[in-house]
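Ready for some practice in reading a protein structure? Take a look at the sequence and the 3D view, then work through the exercises at your own pace.

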Amino acid sequence: MSTCATVSRDLDEPISGTAATATTWLLLEQPGPWGAKALVSSHLDPALGRALDAAARDTGVRVALIRRPGRHADFGAPPLRQVYAAHTVPGRVWLRSATTHDPRQLLDLDFAALGKGDHRTFDTALRGGPHTGDPLALVCTNGKRDRCCALLGRPLAAELAASGVRGAWEVTHLGGHRFSPTLLVLPYGYAYGRAAAHTVKEILQGVQDGRIVVEGCRGCSAWDRPGQAAELAVRSATGEDAAEALSVVRTTGGAPRWEVTVAHRDGRHWQVVVDQGASLPPRPESCGASVLGSPARMDVVAVREPAGTALVG
């Protein structure tokens, strides 16, 4: 059976620079079925879903629903829901946890503050605190948005849970379903595609140790797409794997070419040239697409240290 994910894999479509962008993730547990636009088409009150979507707009916060892996029979509203918030900008990374009997409490959050990395509103409104458990492994499984997420994502989430990965959750949407199974790892906010259970465990062990695995990585959600590609290129060129070592500090230009400055916390920095290309030949960008497309790709053409020595390109 040909799907958007098998076509993307067969055509070896580049995966770097394709992660969803969000400085902060806000995750609410919502068991049961999810529709294509899950915030307004699940068993969550759609008025609340619309209000959360509106509150998060232009703040850097991305709201998503999560549920534990497994069968999703309708047992009614859960008496107590898990809530997480994670800020992903290096140097200020945090992951907070809370529970709530009433998801409407999320409307008491200051979304602008959350997007800027201030978690006090989360702690006050929801009595939240630091997450002390394992890193979160969020696998996109929303088959109503794209069948690849169900066909490939749900078995991965189930396998992770069955093998003892305590931080495994299903999540509503991470973008780029043609890279299924897709995964977001928190607290650091790095997304992965075409993931397998054994590689996810390696990724999570890295997170436990404060390291980032570059293989299969789509990018850090804290940066825009050119920044994601540039940061990963510096990691590949230098072998740097410390989770919060690199930051995107400047991006100039615009499509189809950017120059991105990536800085190391030790003071070094690199100039990275990123070109936007088109993935050819045309292919289905999702399983539901009726028209073939040529999705944009981020191609790193040069990585230079300040002296001008080219490491790539």
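The exercises below concern this predicted model, and each comes with a worked solution.

**Exercise 1. A strand and its partners**

Task: Find strand β6 and work out which strands pair with β6 and in which sense, parallel or antiparallel.

Solution:
- Step 1: Locate the strand. β6 covers residues 136-140, and five of its five residues are buried.
- Step 2: Sort the side chains by direction. Leu136, Leu138 and Cys140 point one way, while Ala137 and Val139 point the other way. Residues on both sides of β6 are buried.
- Step 3: Look for the antiparallel partner. Strand β8 (residues 183-186) runs antiparallel to β6, and four bridges join the two. As a landmark, find Leu136, which stands opposite Leu186 in β8.
- Step 4: Look for the parallel partner. Strand β7 (residues 168-171) pairs with β6 in the parallel sense, over four bridges. Here the landmark is Ala137, opposite Ala168 in β7.

**Exercise 2. Following one tyrosine**

Task: Decide whether Tyr84 is buried or exposed, and find the aromatic ring with which Tyr84 pairs.

Solution:
- Step 1: Place the residue. Tyr84 belongs to strand β3, which spans residues 81-87.
- Step 2: Check the accessibility. The relative accessibility of Tyr84 is 5%, so Tyr84 counts as buried, the cut-off being under 20%.
- Step 3: Look around it in space. Beyond neighbours within four places in sequence, Tyr84 is in contact with residues including Trp25, Ile66, Phe122, Leu136 and Trp169. Leu136 is one you have already met in β6.
- Step 4: Find the ring pair. The count of aromatic pairs comes to one. Tyr84 and Trp169 form this pair, with 6.0 Å from centre to centre and 80 degrees between the planes. The arrangement is edge-to-face, since planes over 60 degrees apart count that way.
- Step 5: Compare positions in sequence. Tyr84 sits in β3 and Trp169 in β7, 85 residues apart, and the pair links these distant parts of the chain. Trp169 has a relative accessible area of 3%, so Trp169 is buried as well.

**Exercise 3. Salt bridges across the chain**

Task: For the salt bridges Arg283 with Glu13, Arg67 with Glu170 and Asp275 with Arg257, work out which parts of the chain each one ties together.

Solution:
- Step 1: Start with the total. The structure holds 13 salt bridges.
- Step 2: Take Arg283 and Glu13. Their closest N and O atoms are 3.3 Å apart. Arg283 is in the loop between β13 and β14, and Glu13 is in the loop between α1 and β1, so this bridge ties together parts 270 residues apart in sequence. Both Arg283 and Glu13 are buried.
- Step 3: Move to Arg67 and Glu170, whose closest N and O atoms are 2.9 Å apart. Arg67 is in strand β2 and Glu170 in strand β7, so the bridge ties together parts that are 103 residues apart in sequence. Arg67 and Glu170 are both buried.
- Step 4: Finish with Asp275 and Arg257, where the N to O distance is 2.6 Å. Asp275 lies in strand β13 and Arg257 in strand β12, so the parts tied together are 18 residues apart in sequence. At 18% relative accessibility Asp275 counts as buried, whereas Arg257, at 46%, counts as partly exposed.
- Step 5: Look for shared partners. Glu13, Arg178 and Arg283 are joined into one network by salt bridges that share partners.

**Exercise 4. Cysteines and cores**

Task: Explain why the sulfur of Cys220 is not bonded to the sulfur of Cys217, then find the largest nonpolar core.

Solution:
- Step 1: Compare the distance with the cut-off. A disulfide needs sulfur atoms within 2.5 Å. The closest cysteine sulfur to that of Cys220 is in Cys217, 8.1 Å away, which is too far for a bond.
- Step 2: Widen the search. The structure's disulfide count comes to zero.
- Step 3: Turn to the cores. The largest nonpolar core has 43 residues, and those touching the most other members are Leu160, Leu183, Tyr192, Val260, Val262, Val272 and Val274. Apart from this core lies another of 23 residues, among them Leu26, Val61, Val63 and Leu114.
- Step 4: Connect this to a wider pattern. In soluble globular proteins, nonpolar side chains tend to be buried together.

Methods: Residues are numbered from 1 along each chain as its sequence is written. This is a predicted model: local features need pLDDT of at least 70, side-chain atom pairs count only at pLDDT 80 or more; totals for chains, interfaces and linings use all residues. Side-chain values use heavy atoms; hydrogens and water are left out. Buried means under 20% relative accessible area, exposed over 50%, partly exposed in between (1.4 Å probe, protein chains only). Two strands pair if DSSP finds at least two bridges between them. Contact means heavy atoms within 4.5 Å. A nonpolar core is a set of buried Ala, Val, Leu, Ile, Met, Phe, Trp, Tyr and Cys residues joined through side-chain atoms within 4.5 Å. A salt bridge is a side-chain nitrogen of Lys or Arg within 4 Å of a carboxyl oxygen of Asp or Glu. Rings of Phe, Tyr and Trp (its six-membered ring) pair if their centres lie within 6.5 Å; planes under 30 degrees apart count as stacked, over 60 as edge-to-face and the rest as tilted.
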